[in-house]
Amino acid sequence: MVQAYLDVGIQSRMNRIITPKDNRVVMLAVDHPYFQGPTTGLRNMSRTIQTLLPYCDCLMTTRGAVRSNIAPGDLGSKPIMLRVTGGNSVLFEELSDEKLTVTIREAIRMDAAGVAVSVYIGSAYQQQTIVNLTDMINHAEEYGIPVLAVTAVGKNMARDLRYLALASRICQDAGARIIKTYYCEEFSKLVDWVAPTAVVVAGGKYSSPPDALQMAYHSVQAGAAGVDFGRNIFQDENPLGMIKAIYAIVHEDHTVKEALDIYHACLPHASKLD
Ligand code: R5P
């Protein structure tokens, strides 16, 4: 496999995000309120973070969520993937009109291990969001901070290999160090076409434990570095069971059946998050 050249700062932060011993990562996405407001499972954000943080490798979140919900020292050595784009809400049809919302100095001040930028390929504000990505990469790389590109999918876009690979490859060419995209059929082709850039898979809307675990399993088997799941973990009736099961798939190569056994073992003590 081709090795990406990484300078020391980038390498050190990438090693905080993606576990070097297996090149895998369980990222927990709790950034949804930046455009959805009080999202189910994140209304009491501090409880959700406290409950799930020990079982993820990295927390994808926002500046305000950190400021309002995480006391100094609570994160320990757990790295933050800081969302640095926004500017819209679910009340407005066109979600692609995003801009950069957090400066690189603020990300450094918060000790972010990486910063996340959404791009909306094929949408009305495609160019603006790609330029958000390249601008942030220009700033962040100067300080050795890796940028994760999120291939946000507009309402009219198909979540298929053709679209997701197009969007992902554009992110790689822009200089993203990690690409977050959706799972699709023939996913291993997408991973190959953006190699050696690491790919993490977004969960999407809440589905069911077997479906979400299957997606995690197929993603890593196809070569993804891991997952960046949100709703399929914190909106499940058994959030601890879900994140432990996902961890077992990503880091311990468990099968879906073995992961479901872990999920079910946690079920009697499960407590839903608000
Ligand atoms: C969406 O724009 C956010 O970046 C979420 O973090 C992302 O969609 C992953 O969360 P979920 O697994 O809930 O889709």
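Which residues come nearest among the 14 around the ligand? They are D31, H32, G204, G230 and R231, where "around" takes a heavy atom within 4 Å of the molecule. This is a predicted model, in which local features need pLDDT of at least 70, side-chain atom pairs count only at pLDDT 80 or more, and totals for chains, interfaces and linings use all residues. Numbering runs from 1 along each chain as its sequence is written, and side-chain values use heavy atoms, with hydrogens and water left out.

**View 1. Polar contacts of the ligand.** Here we look for N or O atoms paired within 3.5 Å. H32 puts a polar side-chain atom 2.7 Å from a ligand oxygen. For R83, a side-chain N or O atom is 2.9 Å from an oxygen atom of the ligand. G203 joins in with a polar backbone atom, 3.0 Å from a ligand oxygen. On its own the ligand has 360 Å² of accessible area, and the protein covers 94% of that (Shrake-Rupley method, 1.4 Å probe).

**View 2. Y183 and F187, a tilted ring pair.** Rings of Phe, Tyr and Trp (its six-membered ring) pair if their centres lie within 6.5 Å; planes under 30 degrees apart are stacked, over 60 edge-to-face, and the rest tilted. That rule gives two aromatic pairs. In Y34 and F35, the centres are 4.9 Å apart and the planes at 55 degrees, so this pair is tilted. Y183 and F187 have centres 5.1 Å apart and planes at 40 degrees, so they are tilted too. Y183 is partly exposed at 27% relative accessibility, while F187 is buried at 2% (buried is under 20%, exposed over 50%, partly exposed in between; 1.4 Å probe, protein chains only).

Note on methods
Polar contact = N/O pair within 3.5 Å; in protein donor to acceptor, adjacent residues only side chain to side chain.
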